[in-house]
Amino acid sequence: GLSHDAYVDVAGCINDVTVNSILGKLHDNKMHIAVIRRASFMASRAYRPNHLLLDALNHTHALALLPDDPQQALDVASKTVSSSEGFIILLSSQHGSEVKQHQACAARGMVGLSHAHTA
């Protein structure tokens, strides 16, 4: 085929364009949510889904939800963290310090997200 088996190229590009569109306020959030949900569906249906891609798409989904529905954004982001726990344990055995650094970044992102709706 013309694409990666887990769609990391196509869905990754969709994710990047959507993040830039959200940050640049180029379109309304309903369009962002629809595009990211479509990319997530595509990536999750891959023969071997890429968990890092799915997590990135979930975080972008949460970012798109944040202005209109902060609680749902927090719920989506929380699912990403909980779905990644087994994957993080697997990676920890191979790349301990890198994973701890990633977890610290993810925790800061979750804290930022949880405080964003209270501000």
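His-61 is buried, with a relative accessible area of 13%. That makes a handy place to start looking around this predicted model. The residue sits in helix H3, and if you skip its neighbours within four places in sequence, His-61 is in contact with Ile-33, Ile-36, Arg-37 and Val-76.

**The chain as a whole**

Let's step back for a moment. The chain has 6 helices and 0 strands, so reading from the N terminus on you get α-α-α-α-α-α. It runs to 119 residues, and 29% of them count as buried. Take the contacts between residues at least 6 apart in sequence: 62% of those join residues at least 24 apart.

**H2 against H3**

How do H2 and H3 pack? Helix H2 covers residues 29-44 and helix H3 covers residues 51-65; their axes are 9 Å apart, at an angle of about 165°. That angle is over 145 degrees, which means H2 is roughly antiparallel to H3. The crossing of H2 past H3 is left-handed.

On the H2 side, the residues that meet H3 are Asn-29, His-32, Ile-33, Ile-36, Arg-37, Ala-39, Ser-40, Ala-43 and Ser-44. Their counterparts in H3 are Leu-53, Leu-54, Leu-57, Thr-60, His-61, Ala-64 and Leu-65. Sort the residues of this contact by type and you get 9 nonpolar, 6 polar and 1 charged.

Back to our opening residue: His-61 is on that H3 list, and Ile-33, Ile-36 and Arg-37, among its contacts, are on the H2 list.

**Inside H1 and H2**

Which residues of H2 are buried? They are Asn-29, His-32, Ile-33, Ile-36, Ala-39, Ser-40, Met-42 and Ala-43. The cover over these residues includes helix H1 (8-23) and H3.

H1 has its own buried set, made up of Ala-11, Gly-12, Asn-15, Thr-18, Ser-21 and Ile-22. Here the cover includes H2 and H3. Just after H1 comes Lys-25, and its phi is positive, near 50°.

Both helices also pass a simple length check. H2 has 16 residues, so at 1.5 Å a residue it should span 22 Å, and its end C-alpha atoms are indeed 22 Å apart. For H1, again with 16 residues, the expected span is 22 Å and the end C-alpha atoms lie 22 Å apart, so that agrees too.

**Buried residues in H3 and H4**

His-61 has company in H3, where Ala-62 is found as well. Ala-73 belongs to helix H4, residues 70-83. Here are the three side by side:

| Residue | Relative accessible area |
|---|---|
| His-61 | 13% |
| Ala-62 | 2% |
| Ala-73 | 0% |

Why does Ala-73 count as buried? Buried means under 20% relative accessible area, and Ala-73 is at 0%, so it qualifies. Ala-62 is buried as well, because its value is 2%.

Two C-alpha separations tie these residues to other parts of the chain. Ala-62 and Ile-33 are 29 residues apart along the chain, yet their C-alpha atoms are separated by 8.8 Å. Ala-73 and His-61 are 12 residues apart along the chain, with 7.5 Å between their C-alpha atoms.

So where does Ile-33 turn up? It is a buried residue of H2, it is part of the H2 contact with H3, and it is in contact with His-61.

Key: Residues numbered from 1 in each chain as written. Predicted model: local features only at pLDDT ≥ 70, side-chain atom pairs only at ≥ 80, totals over all residues. Heavy atoms only, no water. Axes fitted to C-alpha atoms, helices over the stretch in contact; angles between N-to-C directions. Helix = DSSP H or I, 4+ residues; strand = E, 2+ residues; numbered from the N terminus. Parallel < 35°, antiparallel > 145°, perpendicular 65-115°, else oblique. Left-handed = near helix turned anticlockwise from the far one by under 90°. Contact = heavy atoms within 4.5 Å. Nonpolar A, V, L, I, M, F, W, Y, C, P; charged D, E, K, R; others polar. Expected span 1.5 Å × (residues − 1). Buried < 20%, exposed > 50% of the residue type's maximum accessible area, 1.4 Å probe, protein only.
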